[in-house]
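Subject: Structure handover

Hello,

Here is the structure I said I would pass on. My notes on it follow below.

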Amino acid sequence: MFIAVGMLGWFHDAQSADFIITTIAGNGTAGYSGDGGQATEALINHPTSGPIDDKGNLYFPDWDNHAIRKINLNTGIITTVAGGNLGGGFKHPGGYIDSMGNLLYISDHGNHVIYKVNSDGTTTLIAGTIGVAGYKDGPAVDAKFNHPAMLIKDGNNLYIGDFWNHRIRKMNLTTKEVSTIAGTGSAGYNGDNIPATTAKLYYPGGITLVKDGTDKFLYIGDYYNHRLRKLDINSGIITTVAGSNATPLGYNGGGYSGDGGLAIDAQLNVPTFAVFDSVGNMYITDNRNHVIRKVDVNTKKITTVAGIPNSGGYNGDNIPADQAQLNFPLGIVVDSEDNLYITDYGNHRIRKLTKKKSSTGGCKSRFRLYSWPNNPPDFGTERVGSSTSMKHYAYAYTWGDKSNCQNGPTVNDISLSGANASEFAIKNKVCKDEQESFDGLFSRYYYCQFNTVFSPTLEGTKEVTLTAKFDNSDTQTQPLLAKAVNTGQPTLEISPSSIDFGTLKVGSGSSKTITIKNTGDVNLKISNVTVSGETSGDFSMEWPGCYEGVLKPAEECSLHVSFIPTSAGAKQASLTVVTSNAGSGVITATGNAKDLVDCSDDNITIQTRTTTYDNHAWALDSDGDENYTDHISWDKVWADKNGNALNRVPNENDVVRINNGHYITGIPVLAKVKALCVEKGGVLVPIKDFQENFSLEIQATDGISNKGIIGKVEDVSDLPWVDTSSGTDWTTYADGNDEEPGGANCSSDLDPTTNAEKGSDVILRSGGPIFNEGKIIAGNGGNGSKIGASGGSATVRGSNIINKGTIRAGKGGDIYGESGGTAGKGGSTEVSSNHKHLYNEEFFNPNNVWEKPNIFAGNGGNCTCDSNTGEAGNGGDLRLTAYKIHLEGGNYGSGMAGTGCAKTASNGNGWVIIDPNVISLANANTKVRGGNAKIFGGKDWILDLRNMSGVVIDATDNVTLAVGENGVIDLRGNNGPIIKAGGIVQLFADIILLDDGVKLSALIQATDIVLGPNKILRDVSLTGAGKKIGEPEIVLPVRLTLANNGPEKDTYTLSVTDTAGWTLGELPSTIEIDGLEFIDLVLDVTLPTTRGATNVITVTAISQADPDIKSVAKVHASVKDMTYTISGSILDKSGQPVKGITVEIEDKTVVTDEQGHFEIAGLLSGDYTLNVSKEGRNLATQDITLEGDDSVIEIDLEIDTSVAVPTPATCKIYAVNDKGLNNSQFFTVTLDDLAIGALGPMYKGHDIEALAIHPK
């Protein structure tokens, strides 16, 4: 037997509550046959309950065939997945199958044991003893069961219906301990609202797990107590939700009655199983009554929807379900369309209950009547003469294929009924009709928002029903709960009145809970909660339970206060709870903050040295195996905290500091440290050697603090200590190399020997917080004649991120040829603080200049030739992911598409994708711009767009805002447009808050505004270094990060391909990741023996929940070419070494040392010319061919030093000026500055016509 996991929802189809019944498996004859064929022609033998996976497969235990079988609901094909003709020795097996159809656990009912199913299909006994019935808790290997039946897995727990032990058991899959959570072992009934471990059960059958936020419940078919029980897993309390106290107990007990009344008063006869549809209605298999019962989610009333009471049998298919006979229906499951599947045990069939089609013809419609912030609506206790208001929403959402669906129902009427209806009123009703037709689809969203006001005139408990009628005859109702008294006062009580968070590091966080309680005797109305004080920005609040709510007498709610300091020092804030009828209360919050990463001399363990060194490398790794085995003089780069030289590189236990004025040329592969501090004026750039520019990847366990530059130096003015006369181009280290050979702008087609290279990625990861007050910038893509390379990506992941500087991906490379091609795509930027906070804050810098934070993706590459016929580069995407995102000032945007090309970019400007649980855009200076913008979240998510000033979200294309169930889009307090789009704006939410009289069109500028009910959007990213290089035959580790940027758990299918057929390691075929979480992956790549070989490895992740959501990572892997070093000496004619001679090969230049020695490394195979010169005067040349396995070439050259003319200290011209007859003057001209100076006196009376200088 199986259980199904139900999630409480709020939608239901517009189709009638009546069902049509059909058979989808079995022909009524008991037997075992038909695998591989149509299930309707197969023989089955007493089917029991099973689930439907996400792929559309229905599973069921074929009870007396001792098998577990599967029906593909799309093809109708039936197969056996365990037991039966596959063997295994099972006796009446049941099992647990996950959403992807993986059989994970088997309950062997007749053998009294539990098996785990391994990935290869084999089984491992994990609990119980084969063939031995009994009862024993403790280690699973010693535990005893008595006919275990239903299984359900939730996280690390496996719940087990221990049928003949009259208990529900739990096995912790981590500790392998078995315990009892319900039942005493004694059959019977001894009451409800008691701890489940003290409650009697009577053959507990089907168990269904239902999750509602953090609440979890097990619904239990309590067979011979003829009740459906509900176990609150958190509290351990058990209750009855269906079945009457008047029902006789035991095997011969039970009954049938109660339709139209409350389920708690109805009689059942062996209720075996329960499931929930998408609106929350419960369906029960009433086994011995041969019917299916339904319990309405709102009224709690019970009806019969299938079967004829007390008439077991079979009388045909394709008839109304309530006219069809069933024969001991045992199991039930619901699909995504709210169709029901029944295991008709005695008829040896699987039956399907399909809802009758609605009158809208090929359309599907959903309706909802909902109150906010309290649902179901409870107006509490109000004083006569006062009033309480609650917002209500009613909508009809219709969609379908345009060819069959051109219309949909609307809200026809909203009314109040009941004995006290006159004390309620409907006010401020505004309805909106949104119809959209595109891509062959039609949708209509008819939406009404109104206030229901309770204004009592007499004391007492009120009976009122709110009804929304739709023009297709569908209705939605809500009972309104309310009470009135003649006198009374609310009382605000806040506890505690002050909170102190102690001392935290900047960027780290802590939360405390404040309880707000109404100790009065009428409703307390909370209108707002505010935070004030000079340092209030370091405190934040979440108060969903109190959000504009009404606290009834004795009711309380929680205010969650977080302290996440963004700067060091003492902090204080006043939190004020504002009510409209009981004054205000103030809580004082205090805390202290110290620097996020202690970069002081006392705390660091390794730092850059003050002495300069030409290499400036963090570390070297010549073969790419991630072992730093190469040796240079590290003591010239690194020092300890006291400045003493260290001849080693940083490791994972180090707190590393890069000091002001030091330019460190990166790491070839991932570097692991404890913490990284980049001081203002310090620079950490990627390594760029003769073959590749490497990505820059840092992983810190404790934190990263950047006040300098990580990645690309954009402007040498950021490096005031740089000698700009040195000729070094400090700004290109992170950029990809251009195509070789290059060409002038608008040059004719070239035949490049090397392609343009992707810009360097910058990847920063921290287990602790990340603080950025400087610049984190990836490299630009290289330029090419036809193909521009992609810009590098910028990835920043940490636990709480504070950004006060710039984070940006690299620009795509340009194309400079004149005949076609594609410019490079801009790099993507991803900033993620999973389940933590992401702060982006304006601040005053040390020069008292107001700085704005910036986070951007890279722009696409351009066409620099006016006559180019190519395509512009696409803009990169921007992703911001965190539990709570604070965009308090600054600019945020995707990359813009390139320009100057004949063809526009295929995808245009990039996407802005933001997925928090709570987002705050509370600053007039905040600007989010992009091509398409998508901001979305999950259940209970709040998008706070209140009190904006000017356009906050500006997109050239479309904007989508979407929240899950009970989520809110709050647009109040705005006087003008805050969202601007060149295309459409879509809002998916059940609750959109507007000021009275304000329309969406006043706040949104777009070609169209499309509304829809709550919607879960998904997003995934797969990131990693774009390029990897290594020596032949090594195993090259390719590191990737797979992130679920969506609000809910998802499973991803992974695939790996490559262009060269190299030996690749394996990645998991599927991975499950919680919402807003990520996982690290390593793909091992074995490099071939051929030097210079290249490969493009493509890794793809596809969401199984939505196959249209996928992410692709491409890694360009290569084998290092053979490299050569030319070394030697320059000698004079006498064989003596000559110092200061320039030796040059292509763009590599060195000068001989005291011993006349030179060395030029990093040369690839090929023909070269070596030039020897002194002060620009060529002294010798020699042609050299580099080939073969000898990597070091020794050359000694003899030169004639006599031709080398030393430069005098001052170079002068000596001259004479004949100043007329018999007057002459000698003078000099200094060539440095052309200064003229007299040389001796004027010789009067001397006519000097010439000048000679004696050789001595």
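**Disulfides**

At a relative accessibility of 34%, Cys431 counts as partly exposed. Please keep in mind throughout that this is a predicted model.

Cys431 is bonded to Cys448 in a disulfide, with an S to S distance of 2.0 Å. Cys448, at 0% relative accessibility, counts as buried, so this link has one partner that is partly exposed and one that is buried. The link of Cys431 and Cys448 is right-handed, with 105 degrees about the S-S bond. Cys431 belongs to strand β32 (residues 424–438) and Cys448 to strand β33 (residues 441–454), so the disulfide ties together parts that are 17 residues apart in sequence.

How many disulfides does the structure hold? There are three.

Another of them joins Cys599 and Cys677, whose sulfur atoms are 2.0 Å apart. The torsion about the S-S bond of this pair is about -90 degrees, and the disulfide is therefore left-handed. Cys599 sits in the loop between β44 (584–594) and β45 (606–608), while Cys677 is part of strand β50 (residues 671–678), so the parts tied together here are 78 residues apart in sequence. Cys599 is buried, its relative accessible area being 13%. Cys677 also counts as buried, at 0% relative accessibility.

The remaining pair is Cys863 and Cys901, a disulfide with its sulfur atoms 1.9 Å apart. The link of Cys863 and Cys901 is right-handed, with 100 degrees about the S-S bond. This pair links distant parts of the chain, 38 residues apart: Cys863 is in the loop between β63 (854–856) and β64 (878–888), and Cys901 is in the loop between β65 (890–893) and β66 (911–915). Both Cys863 and Cys901 are buried.

**A three-stranded sheet**

Strands β3, β4 and β5 form an open sheet in that order, and the pairing is antiparallel. Which strands stand at the edges? They are β3 (57–62) and β5 (78–83); each has a single partner strand, so one side of each is left without a neighbour in the sheet. From one strand to the next, the twist averages 25 degrees.

Strand β4 (residues 67–72) is joined to β5 by five bridges, and the two run antiparallel. To place one residue in this pairing, Ile68 has Ala82 in β5 as its bridge partner.

**Backbone details**

Most residues other than glycine have a negative phi, and most peptide bonds are trans. Three places in the loops are worth looking up with that in mind.

Where is the cis peptide bond that involves Pro496? The bond runs from Ser495 to Pro496, with omega near -10 degrees. Pro496 lies in the loop between β36 (492–495) and β37 (498–505).

His166 is a residue other than glycine with a positive phi, near 55 degrees. You will find His166 in the loop between β12 (157–162) and β13 (167–172). Is His166 buried or exposed? His166 is buried, because its relative accessible area is 8% and the cut-off for buried is under 20%.

Phe328 likewise has a positive phi, near 55 degrees, and is not a glycine. Phe328 is placed in the loop between β24 (319–320) and β25 (329–334). With a relative accessible area of 34%, Phe328 is partly exposed.

**Around Ile126**

The last item is a single residue and its surroundings. Ile126 is found in strand β9 (residues 123–127). At 14% relative accessibility, Ile126 counts as buried.

Which residues is Ile126 in contact with, leaving aside its neighbours within four places in sequence? They are Tyr105, Ile114, Tyr115, Lys116, Ala140, Val141 and Met171. As for Asp142, which is 16 residues from Ile126 along the chain, the C-alpha atoms of the two are separated by 9.7 Å.

Regards

Note on methods: Residues numbered from 1 in each chain as written. Predicted model: local features only at pLDDT ≥ 70, side-chain atom pairs only at ≥ 80, totals over all residues. Heavy atoms only, no water. Pairing = 2+ DSSP bridges. Helix = DSSP H or I, 4+ residues; strand = E, 2+ residues; numbered from the N terminus. Axes fitted to C-alpha atoms, helices over the stretch in contact; angles between N-to-C directions. Buried < 20%, exposed > 50% of the residue type's maximum accessible area, 1.4 Å probe, protein only. Disulfide = S-S within 2.5 Å. Contact = heavy atoms within 4.5 Å.
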